[in-house]
Amino acid sequence: MTLKFPRLTGYRLLFFAALLFLAGCAAPPKPPLTGLVPGREVETIQSAITISVKTSHRNMGGRGFLVFKRPDRFHLAVLSPFGPTLADIYSDGERFTCVVPSRQTAYSGRIDELPDRDGLKAWGMMRWVVEPAPSPGPALFRDRLNGSGVRERLFYDELGLLVRKETAEGDRVDFRDYRNVDGVALPESIELANPQGDTVRIAFDDPEVNRPVEEKALQPDLAGLTVLPFSSFKGF
């Protein structure tokens, strides 16, 4: 049996030519990453960010501001769609504090006490996310025990940049679309996911790297607030 195909003439030919043209233009290659300073690493980040949080109960998105200081301290201000601060999230090593200004209340405790609500479990992964990674080996991945004694696998690209790491327990973080910021390779976005199905995506908007960070920007001001354990947290 001989298969017969329709002839591509007239409008059909123009249509398929247009499809091929659009397919070729849809994802232009990114320019090569150049100008990085050897040995220069991220010590601090200050940046406006876009946040997306997905959990089994709800999806949230918005804007905010992130201040990070190595090794594991950060302050994340999450803004509501109408402008006021929805929450201020602080991490200092093993301690995690979430301030909800509208309630004049703060919730504080160890990272392992974080509740399974509103993606807070995923935020608790930030200490692992910013943990310094070893240099890549000959292969594009390597296995190790991380700072918490958990086995993990790290994946690198051809430039030796960390693009993903995942633990044997099911936690995962992806570092996407690196760019040069003052000689340092910084991903344009970070996406965290945990075994519970929570995901948090952070995209940086015009970040400043390795600028001085004021100490008060990393410490929650609890004066006049009711401070409760995370067991009392019922959501934003």
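Here are a few worked exercises on this structure, which is a predicted model.

**Exercise 1. Get your bearings: how many helices and strands are there, and what share of the residues counts as buried?**

Start with the secondary structure: the protein has three helices and 13 strands. Next, burial: 38% of the 236 residues count as buried. Then look at the surface, where the accessible area is about 14,100 Å² and carbon and sulfur atoms account for 56% of that. Finish with the contacts: taking those between residues at least 6 apart in sequence, 47% join residues at least 24 apart.

**Exercise 2. Find out which residues touch the most other members of the largest nonpolar core.**

That core has 40 residues, and the ones to pick are F74, L76, V129 and L192. Now zoom in on V129. Skipping residues up to four places away in sequence, V129 touches K165, V173, F175, I190 and L192. So L192 shows up again, this time as a contact of V129. As background, nonpolar side chains in soluble globular proteins tend to be buried together.

**Exercise 3. Work out what the side chain of D88 pairs with.**

First, place D88: it sits in strand β4, residues 85-92. Second, check for a charged partner. D88 is buried but has no salt bridge, and R103, the nearest side chain of opposite charge, is 13 Å away. A salt bridge needs the nitrogen and oxygen within 4 Å, so R103 doesn't qualify. Third, try polar contacts: the side chains of D88 and H75 are joined by one of 2.8 Å. H75 is also among the residues D88 touches beyond four places in sequence, a list that includes L76, C98 and P101.

**Exercise 4. Explain why the R70 salt bridge links separate parts of the chain.**

Begin with the pair itself: R70 bridges to E41, with the closest N and O atoms 2.8 Å apart. R70 is in the loop between β2 (59-69) and β3 (73-79), while E41 is in the loop between α1 (10-25) and β1 (44-54), so the bridge ties together parts 29 residues apart in sequence. Then check exposure: R70 is partly exposed at 26% relative accessibility, and E41 is partly exposed at 43%.

**Exercise 5. Where does A185 lie, and what does it contact?**

A185 is in strand β11, residues 184-193. Beyond its neighbours within four places in sequence, A185 contacts L33, L36, L161, Y178 and R179. Take L36: A185 is 149 residues from L36 along the chain, yet their C-alpha atoms are 6.7 Å apart.

Notes
Residues numbered from 1 in each chain as written. Predicted model: local features only at pLDDT ≥ 70, side-chain atom pairs only at ≥ 80, totals over all residues. Heavy atoms only, no water. Helix = DSSP H or I, 4+ residues; strand = E, 2+ residues; numbered from the N terminus. Buried < 20%, exposed > 50% of the residue type's maximum accessible area, 1.4 Å probe, protein only. Lys, Arg positive; Asp, Glu negative; His and termini not counted. Polar contact = N/O pair within 3.5 Å; in protein donor to acceptor, adjacent residues only side chain to side chain. Contact = heavy atoms within 4.5 Å. Core = buried A, V, L, I, M, F, W, Y, C linked by side-chain atoms within 4.5 Å. Areas by Shrake-Rupley, 256 points an atom, 1.4 Å probe, with all protein chains shown as cover.
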